[in-house]
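Could you walk me through how to read a protein structure? I am new to this and would like to go feature by feature.

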Amino acid sequence: MNRELDELLCQRYPRIFRDRHAPMTDTCMCWGFACGDGWYALIDTLCAEIQRHVETTGIGEVVATQVKEKFGCLRFYVRSGDVHISAMTWFADYLSGFICEECGAPALRTGSSWIQTRCARHGGENFPLDAPTRAESDEELLCPEWLPANKHAAWARAAAFHLPPVRTRGWRHIATALEHTIRNDLRHNELPAVVITNVTESDALRYRWAGGDTRGWLAAMVRLAEAYSARSDRQTGAAAY
Ligand SMILES: [Zn+2]
């Protein structure tokens, strides 16, 4: 990430990035933000939400220990925190796989030996904003035969889960990322069944739902998706700095 954006993040979130210039024996933050500028808005949104959560709940300081790209996604590691913080960093990882690491445009995660998330202009593939029904492959949705019987219900719930279609073109990649993450959590992480009861699209995406967990995991992921939509262009999906 370029120096200007790096400094901006450290200025805005001095407590989260207080180890930015600490020695390498203490933290990996000494290497800076080891990812492209296109994820700046996502990191900024994530940090604003972390900061807000810390201030409203008094959970104690959350300090970043490493921020980097890995397998085409954003890894944001922190010291301390709670379930809300874990859910947001988890979803930020997933959402980054739909955002060009170079420019912030909606993109797909592609490649096998070298996995990257880049738009077509930056050597990758655009997210299909006009055909957002692109689903996970059947192989991903089908329950593997070797899976123990007690897991089958979770896989069935995941396969049946859908978010309502989003009318706002530039927010569709965010909704798709959220849908895939919830499906993954239904399938693998014991997230109880969820039904989305309403979505509105005024200043941002806003979801209401029934079910889900009581720990705040789902709520934290939805919150980050909504916050990121608020700063993403309604037509192009590009996120404002
Ligand atoms: Zn790009």
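Below, a learner and a teacher talk through some features of this predicted model.

Q: Let us begin with the metal. Which residues are the protein donors of the zinc ion?

A: Look for the atoms that surround the ion. Here the donors are the SG atoms of Cys-100, Cys-103 and Cys-119 together with ND1 of His-122, and they lie 2.2 to 2.3 Å from the zinc ion. Along the chain, these donors follow the spacing C-x2-C-x15-C-x2-H.

Q: Why is the arrangement of the four donor atoms around the zinc ion called tetrahedral?

A: The angles tell you. For four tetrahedral donors, the ideal angle at a metal is 109.5 degrees. Around this zinc ion the donor atoms subtend angles of 97 to 115 degrees, so the arrangement is tetrahedral. The rule applied here asks that all angles lie between 85 and 135 degrees.

Q: Are Cys-100 and Cys-103 buried or exposed?

A: For this you read the relative accessibility, where buried means under 20% and exposed means over 50%, with partly exposed in between. Cys-100 has 0% and therefore counts as buried. Cys-103, at 23%, counts as partly exposed.

Q: Where is the donor His-122 found, and what is it in contact with?

A: His-122 sits in the loop between β5 (116-118) and α4 (138-141). Its relative accessibility is 28%, so His-122 counts as partly exposed. Setting aside neighbours within four places in sequence, His-122 is in contact with Cys-100, Glu-102 and Cys-103. You can also compare sequence with space: His-122 and Leu-108 are 14 residues apart in sequence, and their C-alpha atoms are 11 Å apart.

Q: Now for helices. How do the axes of α6 and α7 cross?

A: Two packed helices are described by the angle between their axes and the distance between the axes. The axes of α6 (residues 172-188) and α7 (residues 217-230) come within 10 Å and cross at roughly 170 degrees. That angle makes α6 roughly antiparallel to α7, and the crossing is right-handed. Among the residues making the contact are Ile-174, Leu-178 and Ile-182 of α6, and Leu-218, Met-221 and Val-222 of α7.

Q: Trp-217 lies in helix α7. Which residues does Trp-217 touch?

A: To see how a chain folds back on itself, leave out the close neighbours in sequence. Not counting residues up to four places away, Trp-217 touches Val-83, Ser-86, Ala-87, Trp-90 and Asp-185. The C-alpha atoms of Trp-217 and Ser-86 are separated by 8.0 Å, although these residues are 131 apart along the chain. With a relative accessible area of 15%, Trp-217 is buried.

Q: What about Glu-226: is this residue of α7 buried or exposed?

A: Again, go by the percentage. Glu-226 has 10% relative accessibility, so this residue counts as buried. Beyond its neighbours within four places in sequence, Glu-226 is in contact with Ala-204, Leu-205, Arg-206 and Tyr-207.

Q: One last feature, the backbone angle phi. What is phi of Ser-80 and of Glu-190?

A: Check the sign of phi, and check whether the residue is a glycine. Ser-80 has a phi near 65 degrees, a positive value in a residue other than glycine. Glu-190, also not a glycine, has a positive phi of about 60 degrees. Ser-80 lies in the loop between β3 (73-79) and α3 (83-96), while Glu-190 lies in the loop between α6 and β6 (194-201). Ser-80 is exposed, with a relative accessible area of 52%, and Glu-190 is exposed at 69%.

Technical notes:
Residues are numbered from 1 along each chain as its sequence is written. This is a predicted model: local features need pLDDT of at least 70, side-chain atom pairs count only at pLDDT 80 or more; totals for chains, interfaces and linings use all residues. Side-chain values use heavy atoms; hydrogens and water are left out. Donors are N, O and S atoms within 2.8 Å of the metal (3.2 Å for Na, K and Ca); water is not among the atoms, so sites may look incomplete. Four donors count as tetrahedral if all angles lie between 85 and 135 degrees; four count as square planar and six as octahedral if opposite donors are over 155 degrees apart and all others between 65 and 115; anything else is irregular. Buried means under 20% relative accessible area, exposed over 50%, partly exposed in between (1.4 Å probe, protein chains only). Axes are lines fitted to C-alpha atoms, for helices over the stretch in contact, and angles run from 0 to 180 degrees between N-to-C directions. Helices (H or I, at least four residues) and strands (E, at least two) are DSSP runs, numbered from the N terminus. Angles under 35 degrees count as roughly parallel, over 145 as roughly antiparallel, 65 to 115 as roughly perpendicular and the rest as oblique. A crossing is left-handed if the near helix is turned anticlockwise from the far one by less than a right angle, and right-handed if clockwise. Contact means heavy atoms within 4.5 Å.
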